[in-house]
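Thank you for asking me to look through this structure with you. I have set out my remarks as numbered points, to be read with the model open beside them.

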Amino acid sequence: MELQGYEEECAKVFLEQQDRLFAEPVASNYDEALEFLEDSFACVFDSADEIRQYWEENGTDASGMSDEEILESLEVFELPCGKYMVVEA
């Protein structure tokens, strides 16, 4: 699932937590954050199972990872609404 409907929430969370993935900020405001997320094909998921399925469809072997390990991955950002954004860096 793309960001559709979650753009504002995703951009805010990414702005606050982008230092998890990058040593230097890649976005300094809302518009830059949203553009970066769209350019990097960030996606929103409901659960660790959906993230696992997405990763495996895209060539990442996540079969040995627990749900907790998936949700604690650096590229997974928890959104206030209870969903998860994945940013491929």
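The points below go through the cores, the helix packing, the cysteines and two loop residues of what is a predicted model.

1. I would begin with the largest nonpolar core, which has 16 residues, and in which Leu3, Cys10, Phe14, Leu37, Met85 and Val87 are the residues with the most contacts inside the core. Two helices, α1 (7–17) and α2 (30–39), each supply at least two residues of this core, and α1 gives the most to the core, with four residues.

2. Apart from this core lies another one, of 11 residues, and among its members you will find Phe45, Ile51, Ala62 and Ile70. As a guide to the eye, Leu37 and Ala62 are 25 residues apart along the chain, and their C-alpha atoms are separated by 22 Å.

3. Leu37 deserves a careful look. Leu37 lies in helix α2, and it counts as buried because its relative accessibility is 0%. If residues up to four places away in sequence are not counted, Leu37 touches Leu3, Cys10, Ala11, Phe14, Ala42, Met85 and Val87.

4. The last residue in that list can be examined in turn, again not counting residues up to four places away in sequence: Val87 touches Phe14, Leu21, Phe36, Leu37, Ser40, Ala42, Glu75 and Phe77.

5. How do the two helices α1 and α2 lie with respect to each other, and what is the angle at which they pack? Two packed helices are described by the angle between their axes and the distance between the axes. For α1 and α2 the angle is about 100°, and the axes are 9 Å apart; angles of 65 to 115 degrees count as roughly perpendicular, and therefore these two helices are roughly perpendicular to each other.

6. The contact between these helices is made by Glu7, Glu8, Cys10, Ala11, Phe14 and Leu15 on the α1 side, and by Tyr30, Ala33, Leu34, Phe36 and Leu37 on the α2 side. Sorted by class, the residues of this contact are nine nonpolar, no polar and two charged.

7. Within α1, the buried residues are Glu9, Cys10, Ala11, Val13 and Phe14. These buried residues pack against α2, and also against the strands β1 (43–45), β2 (76–78) and β3 (84–86).

8. A student may well ask how many disulfides there are, and a search of the whole structure finds zero. The cysteine sulfur closest to that of Cys43 is in Cys10, at 9.7 Å, which is too far for a bond. Cys81 is also in no disulfide, since a disulfide needs two cysteine sulfur atoms within 2.5 Å, whereas the nearest cysteine sulfur, that of Cys10, is 7.5 Å away from the sulfur of Cys81. As for their surroundings, Cys43 counts as buried, because its relative accessibility is 10%, while Cys81 is partly exposed, with a relative accessible area of 41%.

9. Two residues in loops complete the note. Gly82 has its place in the loop between β2 and β3, and its relative accessibility of 38% is why it counts as partly exposed; although Gly82 and Ser47 are 35 residues apart along the chain, their C-alpha atoms are separated by 8.9 Å. Ser73 is found in the loop between α4 (67–71) and β2, yet it counts as buried, at 9% relative accessibility. Leaving aside neighbours within four places in sequence, Ser73 is in contact with Arg20, Trp55 and Met65.

How values were computed. Residues are numbered from 1 along each chain as its sequence is written. This is a predicted model: local features need pLDDT of at least 70, side-chain atom pairs count only at pLDDT 80 or more; totals for chains, interfaces and linings use all residues. Side-chain values use heavy atoms; hydrogens and water are left out. A nonpolar core is a set of buried Ala, Val, Leu, Ile, Met, Phe, Trp, Tyr and Cys residues joined through side-chain atoms within 4.5 Å. Buried means under 20% relative accessible area, exposed over 50%, partly exposed in between (1.4 Å probe, protein chains only). Contact means heavy atoms within 4.5 Å. Axes are lines fitted to C-alpha atoms, for helices over the stretch in contact, and angles run from 0 to 180 degrees between N-to-C directions. Angles under 35 degrees count as roughly parallel, over 145 as roughly antiparallel, 65 to 115 as roughly perpendicular and the rest as oblique. Ala, Val, Leu, Ile, Met, Phe, Trp, Tyr, Cys and Pro count as nonpolar, Asp, Glu, Lys and Arg as charged, and the others, Gly among them, as polar.
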